[in-house]
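Reader: I'm new to this structure and would like a close look at just one part of it. Could you walk me through that part slowly?

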Amino acid sequence: LDLGETQWSTFRLIVLPQLFRIVYYPLTNQAVWAVLMTSLGVVVGLNTDLTGITQELNVRTFRTFEFFVMAAAIYYLITKFVTLSARLVAARLFRY
């Protein structure tokens, strides 16, 4: 369907906004998932992330509950921040 637009302007003005609306929320979920899956980096030997440092502190002080509760709270706050930021951006971008 040709509406007098060039191929690039049709893609930029019609296709991309629709594509972004469809892909935005799954991308947000992927971002949250990526943050939460960093906790599994300890399994492969990555000890410089939050869970690795928590594990090192646990080995030194044997205060397992306190450190892992703090790590869980930090992960919760990070994911909450990502989710709320995504909602604010979505509210601004996708209002009609």
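Let's start with T54: does T54 count as buried or exposed, and at what relative accessibility?

Author: Happy to. One thing up front: this is a predicted model. T54 counts as buried, because its relative accessibility is 5% and the cut-off for buried is under 20%. You'll find T54 in helix α2.

So what is around it? Leaving out residues up to four places away in sequence, T54 touches F67, F68 and A71. A71 lies in helix α3, and F67 and F68 are also on the α3 side of the contact between α2 and α3. That makes the pairing of these two helices a good thing to look at next.

Two packed helices are described by the angle between their axes and the distance between the axes. Helix α2 covers residues 50–61 and helix α3 covers residues 64–93. Their axes come within 9 Å and cross at roughly 165 degrees. Angles over 145 degrees count as roughly antiparallel, so that is the label for α2 and α3. As for the hand of the crossing, α2 passes α3 in a right-handed way. On the α2 side, the contact is made by L50, T51, T54, Q55, L57, N58 and T61. On the α3 side, the residues are T64, F67, F68, A71, I74 and Y75. Sort the residues of this contact by class and you get seven nonpolar, six polar and no charged. T54 itself is on that list.

Now turn the view around and look from A71. Like T54, A71 counts as buried, because its relative accessibility is 7%. Again leaving out residues up to four places away in sequence, A71 touches L50 and T54. L50 and T54 both belong to the α2 side of the contact, so from A71 you are looking back across to the helix we started on.

Another α2 residue worth a stop is L57. At 30% relative accessibility, L57 counts as partly exposed. With those sequence neighbours left out, L57 touches F62 and F67. You have met F67 already, as one of the residues that T54 touches. If you go from L57 to L46, eleven residues apart along the chain, the C-alpha atoms are separated by 15 Å.

F62 deserves a pause too. It is found in the loop between α2 and α3. At 69% relative accessibility, F62 counts as exposed. Its backbone is worth checking on your screen: F62 has a positive phi of about 60 degrees, although it is not a glycine. For background, most residues other than glycine have a negative phi.

Helix α3 has another partner, α1. Helix α1 runs over residues 7–37, and the axes of α1 and α3 come within 9 Å and cross at roughly 170 degrees. That makes α1 and α3 roughly antiparallel to each other. From α1, the contact takes in F20, Y24, Y25, T28, A31, V32, V35 and L36. From α3, it takes in Y75, I78, T79, V82, T83, S85, A86, V89, A90 and L93. By class, this contact has 14 nonpolar, four polar and no charged residues. Keep an eye on Y75: it is listed in the contact with α1, and it is also listed in the contact with α2.

A few distances help place our starting point. The C-alpha atoms of T54 and L3 are 51 residues apart along the chain and separated by 59 Å. For A71 and L3, the sequence gap is 68 residues and the C-alpha distance is 55 Å.

While you are looking at α1, find S9, which is placed in that helix. S9 counts as buried, at 9% relative accessibility. The side chain of S9 makes a polar contact with the side chain of T6, at 3.0 Å.

Last stop: L40, found in the loop between α1 and α2. L40 is partly exposed, with a relative accessible area of 48%. From L40 to A72 the C-alpha distance is 13 Å, with their positions 32 residues apart in sequence.

Conventions
Residues numbered from 1 in each chain as written. Predicted model: local features only at pLDDT ≥ 70, side-chain atom pairs only at ≥ 80, totals over all residues. Heavy atoms only, no water. Helix = DSSP H or I, 4+ residues; strand = E, 2+ residues; numbered from the N terminus. Buried < 20%, exposed > 50% of the residue type's maximum accessible area, 1.4 Å probe, protein only. Polar contact = N/O pair within 3.5 Å; in protein donor to acceptor, adjacent residues only side chain to side chain. Axes fitted to C-alpha atoms, helices over the stretch in contact; angles between N-to-C directions. Parallel < 35°, antiparallel > 145°, perpendicular 65-115°, else oblique. Left-handed = near helix turned anticlockwise from the far one by under 90°. Contact = heavy atoms within 4.5 Å. Nonpolar A, V, L, I, M, F, W, Y, C, P; charged D, E, K, R; others polar.
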